[in-house]
Amino acid sequence: MRLPLFFVLTTVMIDAMGIGLIMPIMPNLLLEVQGGSLADAAIWGGILSTAFAVMQFLFSPVLGSLSDAVGRRPVLLVSLFVMALDYLVMALAGSLWLLLLGRIIGGTTAATHATAGAYIADISNPTEKAANFGLLGAAFGIGFVLGPLTGGLLGEIDTRAPFYAAAALAGLNFALGWFVMHETVTDDNRRAFDWRRANPFGAFRTIGRIPGIKALLWVYFLYSVAIYVYPAIWPYFTAERFGWQPQMIGASLAVYGICSALVQGGLLRYMVRWFGERGSVIWGQVFDFVAFGILAVIASGNLALALIPIAALGALVQPALQGLMSRTVADNQQGELQGVMTAVHALSVVISPLMMTAVFAQFSDSETSHYLPGAPFLLALALMMIGCLVLLRSRSSVT
């Protein structure tokens, strides 16, 4: 199963690279397409991110449930093929509306994260799930290392070059998967596709009936809204606060990716062993508290770079929560659960970019009487604290 696992992890890594490739150039790209100010670009960046997330919200349960019925392999391969075409559309886009169309298609194809998570659940023993979900997180982190670095470098040459690179990566991975990916859905764990359960609202109702899981989904939602403050405003925040250019923005995201990969691919196994999955979630949230509080008020770019390893320790939260929830559902519901989790994350991404970029625009505008570009981090801190309280009050029997 090594080559298929490599393909699935590579798919997640390329998803992260695709995001990271374009993040450093988004402010310049939006200014190039529409003109205006950086604050205006931030608002449009939030709209594009929200469109992407809406499609993830709608299609993650569909693709997760579909993979429970027809298999993980066809869902992953078809999505990769469409993703490659979508990046070509983005590379050629000359208007905001074509960029918006590209993000809509991209959000649909990126909904395969649920299928990748279901594959990991298929091949994992119950006690290994959190650690193996950590591998997915590590792959995502590695993608964040390579993506922003490559995007920052290519963005210095041309704002469209990162899109061509992302299209090539998706196409190459499609070719790899065609030859090495084996199916893990068998007659023993296959579940018939049902639209009533595949739509996000039906899937929420079904999964939400499982004892103890509703509170964990709320924790995951609040965490996702809070943690998305990084991709939502980091390019704009660092450009405004520290005067960073695309190459420096890409480098900072790469450092975060390296640290996150080390946390999820290595440290997480020991944290789960020492503190359990629930304890690992709480520790991750504590590290996020510290990072958000400091980023809200600092004015030094060097201090922001020094803080990144502490911020990356918050990467403990997602795989630990994922393992906690995966152990509460049946084997033939893994795709459905991962679809719900991806939809919850997508719903948070619908909300977070609009909220965070609006707060950033309000507190970074030249005419504001309360200049504080780091204000979105204070909002993220409050949301994370609420999630921690929900977790502490929950009575799930799974630890």
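**Close-up views of a predicted, helical protein model**

**View 1. Ile47 in helix α3, with Leu100 as its partner in space**. Ile47 is found in helix α3, which covers residues 38–70. Helices here are DSSP runs of H or I with at least four residues, strands are runs of E with at least two, and both are numbered from the N terminus. With a relative accessible area of 31%, Ile47 is partly exposed. Buried means under 20% relative accessible area, exposed means over 50%, and partly exposed lies in between (1.4 Å probe, protein chains only). Ile47 and Leu100 are 53 residues apart in sequence, and their C-alpha atoms are 8.3 Å apart in space.

A word on the model before the other views. It is predicted, so local features need pLDDT of at least 70 and side-chain atom pairs count only at pLDDT 80 or more, while totals for chains, interfaces and linings use all residues. Residues are numbered from 1 along each chain as its sequence is written, and side-chain values use heavy atoms, with hydrogens and water left out.

**View 2. The whole protein, for orientation**. The protein has 17 helices and 0 strands. Of its 399 residues, 59% count as buried. Among contacts (heavy atoms within 4.5 Å) between residues at least 6 apart in sequence, 84% join residues at least 24 apart. The accessible surface comes to about 15,400 Å², and 67% of that belongs to carbon and sulfur atoms. Accessible areas come from the Shrake-Rupley method with a 1.4 Å probe; for residues, only the protein chains shown count as cover.

**View 3. The salt bridge between Glu32 and Arg160**. Which side chains meet in a salt bridge? They are those of Glu32 and Arg160, at 3.4 Å from N to O. This pair links distant parts of the chain: Glu32 sits in helix α2 (residues 26–34) and Arg160 in the loop between α7 (129–157) and α8, 128 residues apart. The count is 1 salt bridge, taking a side-chain nitrogen of Lys or Arg within 4 Å of a carboxyl oxygen of Asp or Glu. Side chains of opposite charge can pair when their charged atoms come close. Glu32 is partly exposed, at a relative accessible area of 46%, whereas Arg160 counts as buried at 13% relative accessibility.

**View 4. Helix α8 and its buried residues**. Helix α8 takes in residues 161–180. Its 20 residues should span 28 Å at 1.5 Å a residue, and its end C-alpha atoms are 29 Å apart, which agrees. The expected span is 1.5 Å times one less than the number of residues. The buried residues of α8 include Pro162, Phe163, Asn173 and Val180.

**View 5. Ser224 in helix α11**. Helix α11 (residues 213–227) holds Ser224, which counts as buried at 1% relative accessibility. A polar atom of the Ser224 side chain lies 2.8 Å from the backbone oxygen of Tyr220. Leaving aside neighbours within four places in sequence, Ser224 is in contact with His345 and Ser348.

**View 6. Thr357 in helix α16**. Look for Thr357 in α16, residues 334–364. Is Thr357 buried or exposed? At 2% relative accessibility, Thr357 counts as buried. Its side chain reaches the backbone oxygen of Leu354 at 3.5 Å. Leaving aside neighbours within four places in sequence, Thr357 is in contact with Ala42, Ile43, Gly46, Ala232, Ile233 and Ser352.

**View 7. Ala239 in helix α12, beside Ile249 for distance**. Ala239 has its place in helix α12 (residues 229–242) and is partly exposed, with a relative accessible area of 26%. The C-alpha atoms of Ala239 and Ile249 are separated by 8.0 Å, with the two residues 10 apart along the chain.

**View 8. A nonpolar patch on the surface**. Tyr270, Trp274, Phe275, Trp283, Val286, Val290, Ile294, Leu303 and Ile310 form this patch, with about 800 Å² of accessible area together. The elements giving two or more residues to the patch are α13 (246–295) and α14 (301–312), and the largest share, 7 residues, comes from α13. Patches are made of residues with over 30% relative accessible area and no salt bridge; like charges are joined within 9 Å, and nonpolar side chains (Val, Leu, Ile, Met, Phe, Trp, Tyr) within 5 Å. Leu303 has its place in α14 and is partly exposed, at a relative accessible area of 43%.

**View 9. Helix α15, mostly covered**. In α15 (residues 317–326), 9 of the 10 residues are buried. Among them are Val317, Pro319, Gln322 and Met325.

How values were computed:
Polar contact = N/O pair within 3.5 Å; in protein donor to acceptor, adjacent residues only side chain to side chain.
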